[in-house]
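Today I wanted to look at how helices pack, between chains and inside one. Notes below.

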Amino acid sequence: MSETPVPMSAAEIAQAVSSRKITALAATEAALARIAAHDKVLNAFTDVTADRARARASAVDAAIAAGQPVGPLAGVPFAVKNLFDVQGLPTRAGSKINRDLPPSPRDATLIERMEAAGAVLVGALNMGEYAYDFTGENVHDGPSRNPHDPARMTGGSSGGSGSAVGGALVPIALGSDTNGSIRVPSSFCGTFGLKPTYGRLSRARSYPFVASLDHLGPLARSVKDLALAYDAMQGPDADDPACIVQSVEPTLPLLANDIGGLRVAIAGGYFQQNLFQEATEAVARVAKALGATRTVEIPEAARARAAAYIITTTEGAALHLDRLRKRPNDFDPAVRDRLIAGAMIPAVYVDKAQKFRRWYRAKVLELFQSVDVILAPATPCTAPRIGQASFTLDGVELPVRANIGIHTQPISFIGLPVVAVPVPLEPMPIGVQIIAAPWREDVALRVAYALEQMGVAAAPAPRGL
Amino acid sequence: MTDHLDDYMNAVARAMALPLEDAWRPAVRANLEVSLRLARLVDDFPLPDDVVSAAVYST
């Protein structure tokens, strides 16, 4: 398969629009044309908001013509996982049931902040039903498809976000990550993805899954674009009870800062098990480039993954309990059966999982007294085939769905910030997690930027279009 | 043939007014078995009595 040329980055578009080399409307039309040309293959978009996008782009152009400030994302097309509220659309969250909701009266906070910075929303993206998914498959909308091989998974649950950015339909997409749903699609689709610290970015007016684990964040084709989007979306928001503390801490000006003084370690034990060779190779390449030789043991990671699993299945079941009673046949059967089982877990186990979380968090934070960054695989493998139910690892047949997120869950469980960086292996890319201490997204982004400058991390041009 | 876990599933489904059609039982049971195995892994870990739940988590 031949490579499809990659259009301008978000930073390049914003610079060109701000300096009147191109118009925001032209940048928007180009994105809409790419979507029209390639989304039949990728199935990344569930809604294309063309009229809204053209109106918004024209407003940006008018502001520039009037000499008004337009923001650092002027004219940059972006799209959002369809669990973000988009004014005028029902927030389907990958489900059939939610299509009966009334149109959203207002955009999600993060869309408002992106557009306040000059960006242009062009649509909403495919996702796994109610975000309970690691594959990118959806029984209602069909699977989103991998831009490097459409027969393969995008990863979930932000599968459309990975597909749209990996396929260069848009330079930036927003996703959500409860147990790995930004980092897994980033790994499979070869994009950069940022899962910020829990509580950093507002979730207001997005459809929840597991409130105590849900994060929102951007996917992009470069670290600079990732930082541009992240910086534009920061800031407390009274509409999200978890997002009320941190002030804005811009990262873009810090990206090129020297990383020589940072202490980088490789996650050992649990994070070096259950890996295909390509995942081991990707971590080794990143570690070598950073000169990392030290290994640290994240304590009780398997138990942390187990606790995240329990909290997820029970909180998810609680969220959907009434829908399970009233409309069980309108769920994806696989999601319904997991949620019904989740409703049957005794509450004492959930309480113990939340208490264990407190213990685990304290132990992991101790590690950050002697390291600044921890490296770990993002997924155990490159993207499996769509519909693939199992893979064989070390002679043992394992279910695909249950094992895709085993290396991401213990990290998001305690809300640590992570940048997933794509390592462009052949024939498929795979991600590595750059994990930092709470509220130190800047550190993870600086390391990701250095890896990008060294050529170790890169978003490959799509080859499956 | 049913066992204690089937009995448990039936009882909880009735008590909570949860639908549980026969066709769904094998998958629900398989999911429940995985969840209970992982829950026991968490349960086996000794925690101090005074540890506070992290129900809403912020650093």
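My entries on the chain contact and two helix crossings follow.

Setup: I worked on a predicted model, where local features need pLDDT of at least 70, side-chain atom pairs count only at pLDDT 80 or more, and totals for chains, interfaces and linings use all residues. Residues are numbered from 1 along each chain as its sequence is written, and chains are lettered from A and ligands numbered from 1 in the order in which they are written.

Entry 1, the interface. I found 29 residues from chain B and 37 residues from chain A in the contact (C-beta atoms, placed from the backbone, within 7 Å). On the chain B side, α1 (4–16) and α2 are the elements giving two or more residues (helices are DSSP runs of H or I, at least four residues, numbered from the N terminus). The most comes from α2(B), with 10 residues.

Entry 2, across the chains. I looked up α10 (residues 333–343) of chain A against α2 (residues 25–43) of chain B: their axes come within 8 Å and cross at roughly 55° (lines fitted to C-alpha atoms over the stretch in contact, angles from 0 to 180 degrees between N-to-C directions). The pair is therefore oblique (not under 35 degrees, over 145 or 65 to 115). Among the residues touching are Ile340(A) and Ala341(A) of α10(A), and Val28(B) and Leu32(B) of α2(B).

Entry 3, within chain A. Helices α9 (residues 301–326) and α11 (residues 347–367) have axes that come within 9 Å and cross at roughly 135°. I noted α9(A) and α11(A) as oblique too. Their contact includes Ile310(A) from α9(A) and Phe356(A) from α11(A).

Methods: Contact = placed C-beta atoms within 7 Å.
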